[in-house]
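Visitor: I'm new to reading protein models. Could you walk me through this one?

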Amino acid sequence: MTTQQQSISLQDTIWNGSLPLDIRLSPAECRIYDQADSYLIQYPRLSYLPFLLPRLRAFFASFLIDPSAASHEGWFSYEDVPLKWHYPLGLLYDLFSGAAPAQEDGSDPDGRSPSRQPSSTLPWRLTVHFTDWPGDQLVQPDAEGKVLHDAFINSVKEADFLRNGTAKGIMSLSKDDSTQLWTAVQEHKRSSFDPIAQKLLYAQGAPLRHIPLKVYLPSSPSASEPSTGHLRVVQSLITPYLQGGREAQTLGMALYTLLPALFPSRKTPIHAKPVLHGAVVPLSSQIEGLLKEAAYLDGWLHLGLVMMY
């Protein structure tokens, strides 16, 4: 298999990645003592949970104590932790349930194999709520979906600016292209998404300036964020090449720059392992290649960290 074929195969695998979900109505909102039936679905890892809310509102309509609850008022939780609706499903799962690769039986000590996903965590059991919005932790979307749209587009703009030093790529899209991009994200339709994504990634044929990279790591609760899942997001300006432009930047080099205490070695994971799309990523991976082949729909590399102890 050629390098190009491997790249296409990897992109296909990421796009087609999905997770089985077992979504249950909050017992506090259910008028039946022993709870309503679960809503079961196989859902794309790259997609966003709020797109499911109209279907869930219809499915649970006859069980709701408050029949006036609207779909856009819905929110999700996992083990009583509200889930950030602007995070892709795959990222949420990897952060809260999916990745436990640290020296499990059959794992690769060098971190080259995909992280195992214990059968006990699948299907991923979530709770949907239509009342008591956690306003201290989540921004509430509107009925028209404008907040959802703007959150995604702003993330795309930020990634575009980091890549090219300007957000001209996303800002110069025609109205039809912008609509096509958002519709493709909502419908998870690759044939419509790829042409627009290619325009943004290779805008004007300019070389990449910086890599849109966010690293998510477990964190102790603070006074300002006492119960938000205890995650800390780290990002900085990461170039695709080291100073001088001759040596390609690897993931290990980038993590050493961002989090030297967790990644004292650029080649071997010692305290934590990086997880992307449910797989442990080798520290030797070139970060520009990761961006082009494994970015999320908003153009970012959303990288979770799993502690090894």
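Visitor: How far does helix H1 reach from its first C-alpha to its last?
Guide: Keep in mind that this is a predicted model. H1 covers residues 3-16, which makes 14 residues. At 1.5 Å a residue you'd expect 20 Å, and the helix comes close to that. Its reach from end to end is 20 Å.

Visitor: Within what arc do the buried residues of H1 fall, seen down the axis?
Guide: Ser7, Ile14 and Trp15 are the buried ones in H1, while Thr13 and Asn16 sit exposed on the other side. Look down the axis and the buried residues line one face of the helix, because they fall within an arc of 100°.

Visitor: Which helices help cover the buried residues of H1?
Guide: Remember that the residues to be covered include Trp15. Among the things lying over them are two helices, H7 (190-201) and H9 (287-294).

Visitor: Is threonine 183 buried, partly exposed or exposed?
Guide: You'll find threonine 183 in helix H6, residues 175-187. Buried would need under 20% relative accessible area and exposed over 50%. Threonine 183 has 27%, so it counts as partly exposed.

Visitor: Which residue's backbone oxygen lies 2.9 Å from a polar side-chain atom of threonine 183?
Guide: Don't mix this up with phenylalanine 193, ten residues along the chain, whose C-alpha is 8.4 Å from that of threonine 183. The oxygen at 2.9 Å belongs to threonine 179.

Visitor: Which residues touch the most other members of the largest nonpolar core?
Guide: That core has 82 residues. Further along the sequence, leucine 21 is in contact with residues including Tyr39, Leu89 and Trp124. The two that touch the most other members are Leu21 and Leu56.

How values were computed:
Residues numbered from 1 in each chain as written. Predicted model: local features only at pLDDT ≥ 70, side-chain atom pairs only at ≥ 80, totals over all residues. Heavy atoms only, no water. Core = buried A, V, L, I, M, F, W, Y, C linked by side-chain atoms within 4.5 Å. Buried < 20%, exposed > 50% of the residue type's maximum accessible area, 1.4 Å probe, protein only. Contact = heavy atoms within 4.5 Å. Helix = DSSP H or I, 4+ residues; strand = E, 2+ residues; numbered from the N terminus. Polar contact = N/O pair within 3.5 Å; in protein donor to acceptor, adjacent residues only side chain to side chain. Expected span 1.5 Å × (residues − 1). Arc of directions from axis to C-beta. Lists of a residue's contacts leave out its neighbours within four places in sequence.
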